[in-house]
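User: I'm new to this one, so please walk me through it in plain words.

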Amino acid sequence: VLCIHGGGWVEGDKSQFIALLPRFARKKIMATSMNYRLAPEVTWKEQVADVLQAIDFIRSQQVDTNRIALWATSAGAHLALMAASQRVEQISCVVTIGAATHPLELPRDLTNEAFPDVTAADCSPLLHCTNLPRLLMLHGDQDPVVPLAQHTQFVERHPNTESWILNNGDHHLRWPIISGRRMHNKAIEW
């Protein structure tokens with residue numbers, strides 16, 4: 001499992017998964033996390049290239065290349081969906097939490113550095129990703145960053161997507177604490 005962090009495309013790093021990685025290990029699942037270059041030094045396209053490079057690196061290691069999965073949050077989930085759509089045959093499944101599926105509908109102050117061309121529909125998984133591997137999308141119904149509407153629109157357009165919504169859940173499903181943790185655990189089992 002390759003974990004891809006969030007942070008509005010401008011911040012964050014792989015340490016966001018320091019508590020999650022051992023949970024995979026307890027299930028005998030090898031997992032790692034990655035950094036990607038941040039905006040404004042690069043745009044979302046270079047960030048997707050970083051994810052693709054990480055996938056290539058994992059495939060070059062002694063792993064079962066038929067069982068590579070992506071686990072990603074927020075902006076990282078956007079990048080994971082875009083990368084997975086380019087490597088459908090190499091990714092067995094994707095799990096997203098609070099995925100930004102249509103960045104152009106987010107507030108410009110959140111997206112202007114990573115998406116300088118606001119007319120570029122090719123940056124939207126909602127509009128651009130027609131072919132994806134098996135997909136589980138988790139979202140909190142009280143997410144203050146990425147509206148639940150982005151989740152529901154994506155699921156409507158991609159009916160093979162499995163959708164779990166956490167009642168009273170926040171952006172990263174950290175709240176409510178017990179329900180969020182249970183949903184994470186269930187997703188690891190998935």
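**Starting with one residue**

User: Is Gln90 buried or exposed?

Analyst: The relative accessible area of Gln90 is 15%. Buried means under 20%, exposed means over 50%, and partly exposed is in between, using a 1.4 Å probe and protein chains only. At 15%, then, Gln90 is buried.

User: What kind of model is this?

Analyst: Residues are numbered from 1 along each chain as its sequence is written, and side-chain values use heavy atoms, with hydrogens and water left out. Local features need pLDDT of at least 70, side-chain atom pairs count only at pLDDT 80 or more, and totals for chains, interfaces and linings use all residues, as this is a predicted model.

User: Which residues is Gln90 in contact with, leaving aside its neighbours within four places in sequence?

Analyst: Gln90 sits in the loop between α3 and β4. Helices (H or I, at least four residues) and strands (E, at least two) are DSSP runs, numbered from the N terminus. Contact means heavy atoms within 4.5 Å. On that basis, Gln90 is in contact with Ile55, Asp56, Arg59, Thr65 and Ile68.

**The sheet**

User: In what order do the strands of the open sheet come?

Analyst: Two strands pair if DSSP finds at least two bridges between them. Here 6 strands form an open sheet with parallel pairing, and their order is β2-β1-β3-β4-β5-β6.

User: Which are the edge strands?

Analyst: Look for strands that each pair on one side only. In this sheet those are β2 (32–34) and β6.

User: How much are neighbouring strands of this sheet turned against each other on average?

Analyst: Axes are lines fitted to C-alpha atoms, for helices over the stretch in contact, and angles run from 0 to 180 degrees between N-to-C directions. With direction ignored, the average for neighbouring strands of this sheet is 20°.

User: Which strands does helix α2 touch?

Analyst: Helix α2 covers residues 44–60 and packs on the sheet. Its direction makes about 165° with that of β1. The strands touched by α2 are β1 (2–4), β2 and β3 (69–73).

User: What is the bridge partner of Gly140 in β6?

Analyst: Strand β5 (residues 134–140) and strand β6 (residues 162–166) run parallel and are joined by 5 bridges. On its other side, β5 pairs with strand β4 (residues 93–97), also in the parallel sense. Over in β6, the partner of Gly140 is Leu166.

**Helix and strands together**

User: Which handedness does the β-α-β unit of β5, helix α6 and β6 have?

Analyst: Point the strands away from the viewer: a crossover is right-handed if the path from the first strand over the helix to the second runs clockwise. The helix here is α6, residues 148–157. This unit is right-handed.

User: Within what arc do the buried residues of α6 fall?

Analyst: The buried residues are Gln150, His151, Phe154 and Val155. Seen down the axis of α6, they line one face of the helix because they fall within a limited arc, which is 125°. That arc is the one of the directions from the helix axis to the C-beta atoms, and for α6 the value is 125°.

User: Which elements do the buried residues of α6 pack against?

Analyst: Two of the partners are helices and two are strands of the unit that α6 belongs to. The full set is α3 (74–86), α5 (125–128), β5 and β6.

**Cysteines and odd backbone spots**

User: How many disulfides are there?

Analyst: A disulfide is a pair of cysteine sulfur atoms within 2.5 Å. By this rule the count is 0.

User: How far is the sulfur of Cys123 from the closest cysteine sulfur?

Analyst: Cys123 is buried, with a relative accessible area of 1%. The closest cysteine sulfur belongs to Cys129, and it is too far for a bond: the distance is 10 Å.

User: What is the omega of the peptide bond from Trp175 to Pro176?

Analyst: Most peptide bonds are trans. This one is cis, and Pro176 is found in the loop between β6 and α7. Its omega is near -5°.

User: What is the phi of Ser74?

Analyst: Ser74 lies in helix α3 and counts as buried at 8% relative accessibility. Although Ser74 is not a glycine, its phi is positive, at about 55°.
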